[in-house]
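The following exercises ask the reader to work through a structure one feature at a time. Please attempt each task before reading its solution.

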Amino acid sequence: MAKLTYKDAGVDKDKGYKEVELIKQIVKKTHGKEVLANIGGFAGAFAPDLSGIEKPVLISGTDGVGTKIKLAMQMNKHDTVGIDCVAMCVNDIICQGARPLFFLDYIATGKLNPEKMADLVRGVSEGCLQSEAALIGGETAEMPGIYSEDDYDLAGFAVGLADKDKIITGEKLKEGDIAIGLYSSGLHSNGFSLVRASIDQANISLSDSFDDKKTIGEKLLTPTKIYAKEIKNLTEKFDIKAIANITGGGLYENVPRVLKDDLSVEFDLSNFKIDPIFTKIQQWGNIDIDEMYHTFNMGIGMVVFVDPTDEKEVLEVLGKEAKTIGKVIKGNKEISIKY
């Protein structure tokens, strides 16, 4: 009878050790004085600065990148989806007014490729830097028999800090409040199953040119915008009523999550300049406009609700990356959009 080793079964521990060495310096860039443990230990330790926080509350979120990863694998480009992973988690917790503290990632793959994994973590690290959060740990699992050799999945977990009395809940929303949209960087990380179906139907290649600067594949892999710094600037200066992260389901499904039962929102996007990628996807898949707005963010990555007296100043703080797109009215958590 043959003597089997773990490597014979498809798991190469030496490559795991190599990956840890490759990512150590990448991860260290995200560390400040609050991080108390080095990468490679059993757990990450973080000592938050609680100055100015009277009633500290930890706010957490977890998410993945979805089938956008399939495009990254097809293009053999793995250094951007890590940013997406961080964004999907961090953009959720900042909706409650949390300041991102730290992040952990989880990568599962069929066969460990240390360089590819380092690219993934490089993206995660960049996302953490944009979020001003520390990457304090993670896990890479080699899982032959579950994933094919070149496949992988990526998920993450973010923790933020807020003061209990300052958590943004939407309870202060009232009729007449203003909805300000923060522009997205494109598709972000939602709706990619429909995107891929549209590409297949139109017989489009990811290597085809999208514009003078990017191929279609490169355009689709544009990382999700992280709004941590913008939201931090706003919450320090204004009484923000509610914040909605516009992910899968678009405005229709995400905005009602912050509304009270007796409020609705009217959006007017008739003069909103839509990123050409959405128009292309609609054409490739012959998709109804209503389906587009029920699936994608359509250029709005985050919606911030403010008192009308703060509208002008909020727009000045946000600059050219934001626009007034709607108002709160009486209703039953209904969303209407003028295209």
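The exercises below treat domains, helices, cysteines and single residues in turn.

The structure is a predicted model, in which local features need pLDDT of at least 70 and side-chain atom pairs count only at pLDDT 80 or more, while totals for chains, interfaces and linings use all residues. Residues are numbered from 1 along each chain as its sequence is written, and side-chain values use heavy atoms, with hydrogens and water left out.

**Exercise 1. Domains**

Task: State which residues form each domain and how many residues each domain gives to the contact.

Solution. Step one is to read the domain assignment: domain 1 comprises 12–40 + 50–163, and domain 2 comprises 177–337. Such bounds come from an automatic or database domain assignment. Step two is the separation, which is 24 Å between the C-alpha centres of domain 1 and domain 2. Step three is the contact (heavy atoms within 4.5 Å). Domain 1 contributes 27 residues to it and domain 2 contributes 27 residues.

**Exercise 2. Helix 9 and the residue before it**

Task: Determine which residues of helix 9 are buried and what covers them.

Solution. Two terms are needed at the outset. Helices (H or I, at least four residues) and strands (E, at least two) are DSSP runs, numbered from the N terminus. Buried means under 20% relative accessible area, exposed over 50%, and partly exposed in between (1.4 Å probe, protein chains only).

Step one: the buried residues of helix 9 (residues 276–285) are Ile277, Phe278, Ile281, Trp284 and Gly285. Step two: these residues lie on the same side of helix 9, because they cover an arc of only 125° around the axis. The arc is taken from the directions from the helix axis to the C-beta atoms. Step three: the cover over these residues includes helix 5 (192–202), helix 6 (216–220) and helix 10 (289–295). Step four: just after helix 9, Asn286 adopts a positive phi of about 50°.

Asp275 sits in the loop between strand 7 (263–268) and helix 9. Asp275 has a relative accessible area of 18% and is therefore buried. Apart from residues up to four places away in sequence, Asp275 touches Ser185, Gly186 and Lys219.

**Exercise 3. Helix 2 and helix 4**

Task: Identify the buried residues of helix 2, then describe the span and the ends of helix 4.

Solution. Step one: in helix 2 (residues 68–75), the buried residues are Lys68, Ile69, Leu71, Ala72 and Met73. They pack against helix 3 (81–93), strand 4 (152–163), helix 5 and helix 6. Asn76, just after helix 2, has a positive phi of about 55°.

Step two: helix 4 (residues 114–131) has 18 residues and spans 25 Å from its first C-alpha to its last, close to the 26 Å expected at 1.5 Å a residue. The expected span is 1.5 Å times one less than the number of residues. Step three: at the N-terminal end, Asn113 caps helix 4 with a side-chain oxygen 3.1 Å from the backbone nitrogen of Glu115. Just after helix 4, Glu132 takes a positive phi of about 60°.

Step four: the buried residues of helix 4 include Met117, Leu120, Val121, Val124 and Cys128. Glu126 also belongs to helix 4, but at 33% relative accessibility Glu126 counts as partly exposed.

**Exercise 4. Cysteines**

Task: Give the count of disulfides and explain why Cys89 has no such bond.

Solution. Step one: a disulfide is a covalent bond between the sulfur atoms of two cysteines. The rule here requires a pair of cysteine sulfur atoms within 2.5 Å. Step two: by this rule the count is zero. Step three: the closest cysteine sulfur to that of Cys89 is in Cys85, 5.2 Å away, and so too far for a bond. For Cys95, which is in no disulfide, the nearest cysteine sulfur is that of Cys89, at 12 Å. Step four: Cys89 is buried at a relative accessible area of 1%, and Cys95 is buried at 6%.

**Exercise 5. Asn254**

Task: Which side chains make polar contacts with that of Asn254?

Solution. Step one: Asn254 is in helix 8 (residues 250–254) and is buried at 4% relative accessibility. Step two: a polar contact is a pair of N or O atoms within 3.5 Å; within protein, one must be able to donate a hydrogen and the other to accept it, and residues adjacent in sequence count only if both atoms are side-chain atoms. Step three: the Asn254 side chain makes a polar contact of 3.2 Å with that of Thr247 and a polar contact of 3.2 Å with that of Arg257.
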